[in-house]
Each structure stands twice: as C-alpha cells, then as structure tokens.
Amino acid sequence: MKNPDLLNEEMAAEYIGMSVAFLRYGRCHGTVGNNTPTPPHLKLGRSVKYMRSDLDAWLAARRVEPRIASAATPRSGR
C-alpha cells in the first residue's frame with residue numbers, strides 16, 4: 001500500500017513549485033542560490049522521498065507577509 005504522504009522527487013517538486021533539479025542540487029549541496037535551504041528528504045534504499053508535512057513546513061518557513069504602509073507615511077509624488 002502506498003503512503004499518500006510520501007512523495008517522490010517529481011511529485012515533491014511540483015508540490016512546492018520548484019524543479020527536480022532544485023531538489024537534487026539541494027540534496028547534494030544543502031542550499032541553493034542565495035543560501036536557500038532545500039526541504040528535508042528521506043533516503044529509502046535507492047529511492048528519495050519527501051514527506052508532505054516537511055514540504056508544508058518548508059513552504060511555511062518561506063512565507064513573506066506583505067508590508068503595510070502606515071497612514072502617517074506621506075505618499076511620494078503628491
């Protein structure tokens with residue numbers, strides 16, 4: 001029986017909106033680009049799997065809240 005919470009690298013890449021190459025590079029080097037860490041993975045024999053909960057936590061850690069302009073701040077161009 002397959003575990004729906006374990007994703008292969010193609011499914012994981014699609015789930016987080018990144019490429020398989022991003023995940024592979026991150027597994028080898030730990031980070032990608034500007035020190036962006038990649039999600040944790042499981043090595044099961046020759047297979048690489050990603051837990052959906054780890055991917056959700058990885059995405060949540062990269063969430064950026066919008067900055068709200070203060071009412072006291074004058075707008076430029078007026």
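The exercises below work through the fold, the core and the salt bridges of one predicted model.

Residues are numbered from 1 along each chain as its sequence is written. In this predicted model, local features need pLDDT of at least 70 and side-chain atom pairs count only at pLDDT 80 or more, while totals for chains, interfaces and linings use all residues, and side-chain values use heavy atoms, with hydrogens and water left out.

**Exercise 1.** State which pattern the protein chain follows along the sequence.

Solution. Begin with the DSSP runs, where helices are H or I of at least four residues and strands are E of at least two, numbered from the N terminus. The chain has three helices and five strands, and their order is β-α-α-β-β-β-β-α.

**Exercise 2.** Identify the residues of the largest nonpolar core.

Solution. Such a core is a set of buried Ala, Val, Leu, Ile, Met, Phe, Trp, Tyr and Cys residues joined through side-chain atoms within 4.5 Å, and buried means under 20% relative accessible area, exposed over 50%, partly exposed in between (1.4 Å probe, protein chains only). The core has 11 residues: L7, A12, A13, I16, F22, L23, V32, V48, Y50, L55 and W58. Helix α1 gives the largest share, three residues.

**Exercise 3.** Explain which parts of the chain the salt bridge between E9 and R24 ties together.

Solution. A salt bridge requires a side-chain nitrogen of Lys or Arg within 4 Å of a carboxyl oxygen of Asp or Glu, and here the N to O distance is 2.5 Å. Because E9 lies in helix α1 and R24 in helix α2, the pair ties together parts 15 residues apart in sequence. E9 is buried at 11% relative accessible area, whereas R24 is partly exposed at 42%.
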